[in-house]
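Colleague: I would like a close look at one part of this model, taken slowly and with every term explained. Please start from a single residue and work outward from there.

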Amino acid sequence: MYHLMKGLYLYATSKEEYSILLLGLDNAGKTTLIEQVKALPTNANSQHHPNLKTVPTVGQNVSTIALPDMYLKIWDVGGQHSLRGLWQSYYSSCHAIVFVIDSTDVGDADIEKTEELGRLEECRLVLEDVLQNEDAEGVPILVLANKQDREDCVEVVRIKEGLVRRVFEGGKGGSVRDSRVLPCSALTGTGVQEAVDWLCSRVRWNKESRPPVMR
Ligand SMILES: Nc1nc2c(ncn2[C@@H]2O[C@H](COP(=O)(O)OP(=O)(O)OP(=O)(O)O)[C@@H](O)[C@H]2O)c(=O)[nH]1
Ligand SMILES: [Mg+2]
């Protein structure tokens, strides 16, 4: 009887937990983004005061966000060149990937143009690498055009058409998967709730292929 009651209690109180992997070049805004996600009012452990004074991540930050109907365990890993080799060890256990782009550092975001400003080519190669990795196959990907608060940013539609769509549809685009490109500012928090809403709906949608952990 005790075991039955305990089982029922655990069933009634447990929630699904999904792991979200934050990727992108160094300085893209991943750690700033995680600070804003932690401060969202829908997070039961909301701290309300995001720490926006970040330093380059060496290693990883992990935060669990308690939403009303699920936990999101968010893995923020360093984007510096020397740290990108570590990314692949997270692929097999993640439920969604967020690829953060600094919208002020991708030239005019058109990969078909030969002259290039900023880190467009580096960004393209890194995104292709993620899409081609077998362990990340079928994982939903949200591309965030970050730093949209800055006047010198490239607008989201250009990042979507000139970079993301071309990479996804190109030879190195990997398998078909659920994806979306959204604008945001991790600094001001604009677009962060929309990003989390998209992630929640897509990890659930994909849960037969990548089941959540019950917690
Ligand atoms: N204007 C503006 N600045 C931002 C935004 N997001 C991040 N930044 C700034 O960009 C710099 C890098 O931000 P981080 O969040 O540390 O970048 P990261 O992607 O975690 O970098 P790594 O840890 O090296 O991979 C910081 O100075 C942030 O304040 C944004 O949306 N707008
Ligand atoms: Mg960081």
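Where is T57 found?

Modeller: T57 is found in the loop between α2 and β2, the latter being residues 60-66. Such helices (DSSP runs of H or I, at least four residues) and strands (runs of E, at least two) are numbered from the N terminus. Before going further, please keep in mind that this is a predicted model, in which local features need pLDDT of at least 70 and side-chain atom pairs count only at pLDDT 80 or more, whereas totals for chains, interfaces and linings use all residues. Residues are numbered from 1 along each chain as its sequence is written, while chains are lettered from A and ligands numbered from 1 in the order in which they are written.

T57 is partly exposed, with 18 other C-beta atoms within 10 Å; a residue is called buried if 20 or more other C-beta atoms, placed from the backbone, lie within 10 Å of its own, exposed if 12 or fewer, and partly exposed in between. Not counting residues up to four places away in sequence, T57 touches T31, D76, V77 and G78, where two residues are in contact if their C-beta atoms, placed from the backbone, lie within 7 Å.

The contact with T31 leads to a record: an unreviewed UniProt entry lists T31 and T57 under "binding site". The two span 27 residues in sequence, yet no two of their C-alpha atoms are more than 7.6 Å apart, so they gather at one spot. UniProt positions are given here in the numbering of this model, feature names are shortened, and annotations may be inferred rather than shown by experiment.

T31 itself lies in helix α2 and counts as buried because 21 C-beta neighbours fall inside 10 Å. Leaving aside its neighbours within four places in sequence, T31 is in contact with T54, T57, N61 and D76. D76 is therefore a name to remember, since T31 touches D76 and T57 touches D76 as well.

T57 also appears in the surroundings of the ligand. Ligand 1 is surrounded by 22 residues, and T57 is among the closest, together with D26, G29, T54 and G79; a residue is near a molecule if its C-beta atom, placed from the backbone, lies within 6 Å of it. Helix α2, residues 30-38, gives the largest share of this shell, three residues. Sorted by class, the shell has five nonpolar, twelve polar and five charged residues, where Ala, Val, Leu, Ile, Met, Phe, Trp, Tyr, Cys and Pro count as nonpolar, Asp, Glu, Lys and Arg as charged, and the others, Gly among them, as polar.

From here we can follow the strands. Strand β3, residues 70-77, is mostly covered, with six of its eight residues buried. Seven bridges join β2 to β3, and these two run antiparallel, two strands being said to pair if DSSP finds at least two bridges between them. A hairpin connects β2 to β3 through three residues, and T64 stands opposite K73 in β3. Strand β1, residues 16-23, pairs with β3 in the parallel sense over seven bridges, and the partner of E17 in β3 is Y71.

L23 is found in strand β1, and it counts as buried because 25 C-beta neighbours lie inside 10 Å. Apart from neighbours within four places in sequence, L23 is in contact with V77, W87, I97, F99 and V130. V77 is thus touched by L23 and also by T57.

V130 belongs to the buried residues of helix α4, which are L120, C123, R124, V126, L127, V130 and L131. What covers them includes β1, β4 (96-102) and α5 (156-169).

Strand β4, in turn, is joined to β5 by six bridges, and the two run parallel; the partner of V98 in β5 is L142. All six of the six residues of strand β5, residues 141-146, are buried, so β5 is largely enclosed by the rest of the structure. In a regular strand the side chains alternate between the two faces of the sheet. Both faces of β5 are covered, with I141, V143 and A145 buried on one side and L142, L144 and N146 on the other. Five bridges then join β5 to strand β6, residues 179-183, again running parallel, and L142 stands opposite R180 in β6.
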